[in-house]
Amino acid sequence: MPRPISAVIHTAALSHNLLRVRQATPASKVWAVVKANAYGHGIARAYGALRTADGFALLDLTEAEKLRALGWVGPILLLEGCFAPEDLALCERLNLWHVVHCREQIDWLAVHRGNRTHRVFLKMNTGMNRVGFSPEAYAAAWERLNALPQVGEITHMTHFACADEAGGIDEALARFARGVGHLPGERTLSNSAAALVHGADPRVASDWVRPGIALYGSSPTGLALDAAHWKLRPAMSLRSELIDIQHIAAGECVGYGARFTAPRPMRIGVVACGYADGYPRVAPNGTPIVVDGVRTQLVGRVSMDMITVDLEPVFAAGNQPMIGSPVLLWGQDAQAELSIDEVAAAAGTLGYELMCALAARVPVRVE
Ligand SMILES: *Cc1c(COP(=O)(O)O)cnc(C)c1O
């Protein structure tokens with residue numbers, strides 16, 4: 001028997017979550033953001049459920065190739081644009097739309113000799129200060145692009161730094177309006193947080209929204225307004241089983257560094273899951289975990305291949321956990337649900353990081 005850990009991708013949840021974003025922003029076309037291998041879910045696995053999107057947005061040209069190979073003939077947007085001049089030829093061959101966020105990317109287009117015009121998304125830096133033209137430099141960049149015979153339609157784009165906060169987009173919206181001025185063209189502004197939190201705000205109304213995390217059922221607002229609040233369903237479950245049970249006396253310790261000391265005699269379950277599977281090594285004692293449908297907690301440090309859990313609540317609920325009993329690390333199983341955002345919060349991170357970190361050695365099933 002293979003090691004009893006597996007991930008399950010719930011395609012019905014992906015479709016449901018896409019619908020939720022559409023309901024929040026009914027007037028906008030939707031880019032399904034599938035960068036980082038669809039946030040760890042697998043582009044090929046997610047494709048069937050997300051193909052009702054209006055386009056797919058990602059970073060990596062090899063992922064764009066994969067989508068074309070899957071049969072997608074609609075729009076694909078490269079969110080960071082080209083990384084080198086030779087990428088422009090591939091954009092033509094695969095018909096990829098691409099972001100332009102710096103002067104060099106315009107220079108490359110200006111000297112490119114290709115055989116079709118490029119549809120570009122001109123990115124404005126509205127305060128995040130990673131990539132994009134400042135509002136002051138934006139119109140000049142647009143004029144330069146617009147004058148190039150290599151360039152066709154130009155869409156205005158920005159990305160919010162604080163879309164998960166009330167009022168968090170006000171300053172960025174003012175800068176965007178100032179930078180775009182009266183230039184013609186479609187617009188795209190919102191990620192998941194902006195689409196859900198500010199979807200009804202007419203100032204963020206745009207031609208395209210770019211949800212990522214919401215599609216995968218993790219809340220863009222963390223636990224403050226959780227996935228259930230936004231009616232998002234988990235698209236990934238990580239499941240395993242108990243592979244051993246230890247009976248330890250009060251004062252005995254568990255795992256590397258003896259991080260957990262039993263305050264009383266305890267039964268400890270050993271789970272086939274560790275940081276080499278993508279479970280966060282920094283998860284502290286108390287991180288939630290479900291055994292046999294009963295919520296309990298991690299005790300002791302996360303090892304490469306194993307974690308240890310407190311079985312007392314499971315016995316107290318009347319269950320008889322044994323080797324082979326089901327364990328839910330996040331997502332859902334037949335008996336319970338555990339939000340990836342709760343596990344992430346305990347480990348001081350976000351659902352984004354956990355789903356992207358799912359390790360290649362974990363077998364994945366699609367349901
Ligand atoms: C990743 C990304 C998104 C999606 O963000 P989420 O927070 O996952 O919704 C949208 N736009 C850009 C430019 C991105 O890089």
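# Exercises on salt bridges, helix packing and burial

Glu186 is buried, with a relative accessible area of 18%. In these exercises buried means under 20% relative accessible area, exposed over 50%, and partly exposed in between, with a 1.4 Å probe and protein chains only. The model is predicted, so local features need pLDDT of at least 70 and side-chain atom pairs count only at pLDDT 80 or more, while totals for chains, interfaces and linings use all residues. Residues are numbered from 1 along each chain as its sequence is written, and side-chain values use heavy atoms, with hydrogens and water left out.

## Exercise 1. A bridge across the sequence

Identify the residue with which Lys29 forms a salt bridge, and locate both residues in the chain.

*Solution.*

1. A salt bridge requires a side-chain nitrogen of Lys or Arg within 4 Å of a carboxyl oxygen of Asp or Glu. The rule gives a count of 19 salt bridges.
2. Lys29 pairs with Glu186, and their closest N and O atoms are 3.0 Å apart.
3. Lys29 belongs to strand β2 (residues 29–33), whereas Glu186 sits in the loop between α8 (170–180) and β8 (187–188); the pair is 157 residues apart and links distant parts of the chain. Helices (H or I, at least four residues) and strands (E, at least two) are DSSP runs, numbered from the N terminus.
4. Lys29, at a relative accessible area of 29%, is partly exposed, whereas Glu186 is buried.

## Exercise 2. A bridge within one helix

Explain why Arg175 and Glu171 can be compared with residues that point the same way along a helix.

*Solution.*

1. Both Arg175 and Glu171 lie in helix α8, four residues apart, about one turn of the helix.
2. An α-helix has 3.6 residues a turn, so residues three or four places apart point the same way.
3. Arg175 and Glu171 form a salt bridge in which the closest N and O atoms are 2.9 Å apart.
4. Arg175 is partly exposed at 27%, and Glu171 is also partly exposed, at 46%.

## Exercise 3. Packing of α1 and α3

Determine how α1 and α3 are oriented, and state which residues meet.

*Solution.*

1. Helix α1 (residues 11–24) packs with helix α3 (residues 43–50) at an angle of about 50°, the axes being 8 Å apart. Axes are lines fitted to C-alpha atoms, for helices over the stretch in contact, and angles run from 0 to 180 degrees between N-to-C directions.
2. This angle makes α1 oblique to α3; angles under 35 degrees count as roughly parallel, over 145 as roughly antiparallel, 65 to 115 as roughly perpendicular and the rest as oblique.
3. The crossing of α1 past α3 is right-handed. A crossing is right-handed if the near helix is turned clockwise from the far one by less than a right angle, and left-handed if anticlockwise.
4. Thr11, Leu14, Ser15 and Leu18 of α1 meet Arg45, Ala46, Ala49 and Leu50 of α3, where contact means heavy atoms within 4.5 Å.
5. By class, five residues of this contact are nonpolar, two polar and one charged. Ala, Val, Leu, Ile, Met, Phe, Trp, Tyr, Cys and Pro count as nonpolar, Asp, Glu, Lys and Arg as charged, and the others, Gly among them, as polar.
6. Ala49 is buried, with a relative accessible area of 10%. Although Ala49 and Leu14 are 35 residues apart in sequence, their C-alpha atoms are 6.0 Å apart.

## Exercise 4. The surroundings of α5

Establish how many residues of α5 are buried and what they pack against.

*Solution.*

1. Six of the eight residues of α5 (residues 87–94) are buried, so the helix is largely enclosed by the rest of the structure.
2. The buried residues are Asp87, Leu88, Leu90, Cys91, Glu92 and Leu94. They pack against α4 (61–69), β4 (76–78), β5 (97–100), α6 (103–111) and β6 (118–124).
3. The angle between α4 and α5 is about 15°, with the axes 11 Å apart; the two helices are therefore roughly parallel.
4. α4 passes α5 in a left-handed crossing. Leu61, Glu65 and Arg68 in α4 meet Asp87, Leu90, Arg93 and Leu94 in α5, a contact with three nonpolar, no polar and four charged residues.
5. In strand β6 lies His118, which is buried at 3%. Among the residues that His118 touches are Leu88, Cys91 and Glu92.
6. After α5 comes Asn95, with a positive phi near 55°.
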